[in-house]
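Trainee: Please take me closely through the aromatic rings of this structure, and then connect that part with the rest of the chain. I would like each term explained as it comes up.

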Amino acid sequence: MRGWLLIIGLLCTSLLQAAPGVDAFSVVPDGEGGQTYTLTIQILLFMTALSLLPGALMMMTSFARIIIVLAILRQALGTQSTPSNQIIVGLALFLTLFIMMPVFTEVNQVALQPYLAEEMDTVQALQAAAEPIKAFMMAQTREDDLALFARIGNFAELEQPDDVPFTLLLPSFATSELKTGFQIGFLLFIPFLIIDIVVASILMSMGMMMLSPMIISLPFKIMLFVLIDGWALVFGTLASSFQL
């Protein structure tokens, strides 16, 4: 892995060194009131954007809600590290891709393909790509969370969703996703908590206080979850909880 990173770093360095220093910082007018950046600056901006991609994936998509619900579900089952963290992250990632596919398809149609066809410059493509993502985030964001951060940031009164800037939408969306994730996790936790209480009460009445209720209740919780097809129910509920 380190060898590949070293090779990629050397290739990026050679690309930056191959171009003249003056061209690397030049901005050319496009004749229509806009500006076009040189290829070297575009590569630098692209590499910078890649470093921010994991954060954007976690906080601007459905990933946060899904990973919270799956982590709480594992805790409710009492299976400790099963499924493992890698499996939970993988499930959350692929379910996120499934949920976000309509948004990604629209981004590809309105921004990526016109940019590749040279019908848009970089700035126009970024603005076009931001619209479907912003619409998705607005659909999941609570109005009280928007009002809270608008009051904290001293934003002017917003009359319509298009007036909401990204700087206000991002924290509001993240807060709403945390709330929704914990609400779904709470509802999932209740049935398994009831099983733990019933098993603990039975053991207490039998005088078996030294025996851990978790050991007895774990097979019953797993059996209940399997019999009701729990994974399909959880994934279906998570997928349908997003307004697209």
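Mentor: A search of the whole structure finds 5 aromatic pairs, where rings of Phe, Tyr and Trp (its six-membered ring) pair if their centres lie within 6.5 Å, and where planes under 30 degrees apart count as stacked, over 60 as edge-to-face and the rest as tilted. Phe225 and Trp231 form one of these pairs, with 5.2 Å from centre to centre and 85 degrees between the planes, and the pair is therefore classed as edge-to-face. A pair of aromatic rings is described by the distance of the centres and the angle of the planes. Please keep in mind that this is a predicted model, in which local features need pLDDT of at least 70 and side-chain atom pairs count only at pLDDT 80 or more, while totals for chains, interfaces and linings use all residues. Residues are numbered from 1 along each chain as its sequence is written, and side-chain values use heavy atoms, with hydrogens and water left out.

The two partners of this pair have their own degrees of cover, for which buried means under 20% relative accessible area, exposed over 50%, and partly exposed in between (1.4 Å probe, protein chains only). Phe225 has 6% relative accessibility and so counts as buried, whereas Trp231, with a relative accessible area of 34%, is partly exposed. Both residues belong to one aromatic cluster, which is formed by Phe192, Phe225, Trp231 and Phe235.

To place this part in the chain, it helps to know the elements: helices (H or I, at least four residues) and strands (E, at least two) are DSSP runs, numbered from the N terminus. The protein chain has 9 helices and 2 strands, and from the N terminus on they run α-β-β-α-α-α-α-α-α-α-α. Of the 244 residues in the protein chain, 28% are buried.

Asp229 is found in the loop between helix 8 and helix 9 (230–240). Most residues other than glycine have a negative phi. Asp229 is not a glycine, and yet its phi is positive, at about 55 degrees; its relative accessible area of 46% makes it partly exposed.

Helix 8 also takes part in a salt bridge, a term that stands for a side-chain nitrogen of Lys or Arg within 4 Å of a carboxyl oxygen of Asp or Glu. By this rule the count comes to 4 salt bridges. In one of them Lys221 is joined to Asp196, and their closest N and O atoms are 3.3 Å apart. Because Lys221 lies in helix 8 (residues 213–227) and Asp196 in helix 7, this pair ties together parts that are 25 residues apart in sequence. Both partners are buried, Lys221 at 1% relative accessibility and Asp196 at 16%.

Helix 7 carries a further charged residue to follow, Lys179, which is linked with Asp144 and Asp145 in a network of salt bridges. The closest N and O atoms of Asp144 and Lys179 are 4.0 Å apart, and this pair links distant parts of the chain, with Asp144 in helix 6 (residues 143–152), Lys179 in helix 7 (residues 166–205), and their positions 35 residues apart. For Lys179 and Asp145 the corresponding distance is 2.8 Å, and since Lys179 lies in helix 7 and Asp145 in helix 6, the pair ties together parts that are 34 residues apart in sequence. The cover varies within the network: Asp145 is buried at 2% relative accessibility, whereas Asp144 is partly exposed at 47% and Lys179 is partly exposed at 34%.

Finally, a nonpolar patch on the surface is formed by Phe186, Leu187, Ile190, Leu193, Ile194, Ile197, Val198, Ile202, Met206 and Met208, with about 920 Å² of accessible area together. Patches are made of residues with over 30% relative accessible area and no salt bridge, like charges being joined within 9 Å and nonpolar side chains (Val, Leu, Ile, Met, Phe, Trp, Tyr) within 5 Å. The accessible areas come from the Shrake-Rupley method with a 1.4 Å probe, and for residues only the protein chains shown count as cover. Ile202, one of the patch members, lies in helix 7 and is partly exposed, with a relative accessible area of 43%.
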